[in-house]
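Q: I have a protein model open and would like to learn how to read its features one by one. Could you walk me through it?

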Amino acid sequence: MNIAEERIDRLHALAREAASDRDHERAREYVRLARRVAERNRCGLPKAFRRFTCDDCDAYLRPGVNARVRTRAGGHVVVRCDCGATKRYPY
Ligand SMILES: [Zn+2]
């Protein structure tokens, strides 16, 4: 893991903690920071990070806290953020 990836990893953990504390503004700041680090270093974001962040409002999604997760027929999962944005991915 290079330094940028380590930073993203750390920011991901911080965002998750902040979201658990329901401090969503702080979580958003960590999500935005991690996105900026990835952009500057062109290293991309880990899959788990992309899955648990909202592309519309930068929230860190915690199912049952600020996101609803549903499994749909056809083999995909739909995650709906409290802001109304949804994302889907196969499982
Ligand atoms: Zn959202």
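Q: Let's begin with one residue: in which strand is the place of Cys-81?
A: Happy to start there. This is a predicted model, and in it Cys-81 belongs to strand 2, which covers residues 76-81.

Q: Is Cys-81 buried or exposed?
A: For this, look at the relative accessible area, where anything under 20% counts as buried. Cys-81 has 5% relative accessibility, so it is buried.

Q: Which residues is Cys-81 in contact with, leaving aside its neighbours within four places in sequence?
A: Its partners are Cys-54, Cys-57, Ala-59, Leu-61 and Asn-66.

Q: Two of those are cysteines. What does the UniProt annotation "binding site" cover?
A: An annotation comes from a record, here an unreviewed UniProt entry, and its "binding site" takes in Cys-54, Cys-57, Cys-81 and Cys-83. In the model these four gather at one spot, because no two of their C-alpha atoms lie more than 8.8 Å apart although they span 30 residues in sequence.

Q: Where is Cys-54 found?
A: Cys-54 sits in the loop that runs between helix 3 (47-51) and strand 1 (67-72). Its relative accessible area is 2%, so Cys-54 is buried. Beyond residues up to four places away in sequence, Cys-54 touches Arg-35, Ala-59, Leu-61, Cys-81, Cys-83 and Ala-85.

Q: Now for the cores. Which residues touch the most other members of the largest nonpolar core?
A: Ile-8 and Tyr-60 do, in a core of 15 residues. Helix 1 (3-20) and helix 2 are the elements that give two or more residues to this core. A second, separate core has ten residues, including Cys-54, Ala-59, Leu-61 and Tyr-89.

Q: What is Tyr-60 in contact with, apart from its neighbours within four places in sequence?
A: The list includes His-12, Ala-15, Ala-27, Val-31, Phe-52 and Asn-66.

Q: Stepping back, what pattern does the protein follow along the sequence?
A: Reading along, you meet α-α-α-β-β-β, made of three helices and three strands. The radius of gyration is 13 Å, close to the 12 Å that the globule rule gives for 91 residues, so the protein is as compact as a globular protein of that length.

Q: Which element has the lowest mean pLDDT?
A: As a general idea, predicted coordinates should not be read in detail where pLDDT is low. Here strand 3 (residues 86-90) has the lowest mean, 91, and helix 2 (residues 24-41) the highest, 97. The protein averages 95, and 100% of the residues score at least 70.

Note on methods. Residues are numbered from 1 along each chain as its sequence is written. This is a predicted model: local features need pLDDT of at least 70, side-chain atom pairs count only at pLDDT 80 or more; totals for chains, interfaces and linings use all residues. Side-chain values use heavy atoms; hydrogens and water are left out. pLDDT is the predictor's confidence in each residue, from 0 to 100. Helices (H or I, at least four residues) and strands (E, at least two) are DSSP runs, numbered from the N terminus. A nonpolar core is a set of buried Ala, Val, Leu, Ile, Met, Phe, Trp, Tyr and Cys residues joined through side-chain atoms within 4.5 Å. Buried means under 20% relative accessible area, exposed over 50%, partly exposed in between (1.4 Å probe, protein chains only). Contact means heavy atoms within 4.5 Å. The radius of gyration is taken over C-alpha atoms; the globule rule is 2.2 Å times the number of residues to the power 0.38. UniProt positions are given in the numbering used here, feature names are shortened, and annotations may be inferred rather than shown by experiment.
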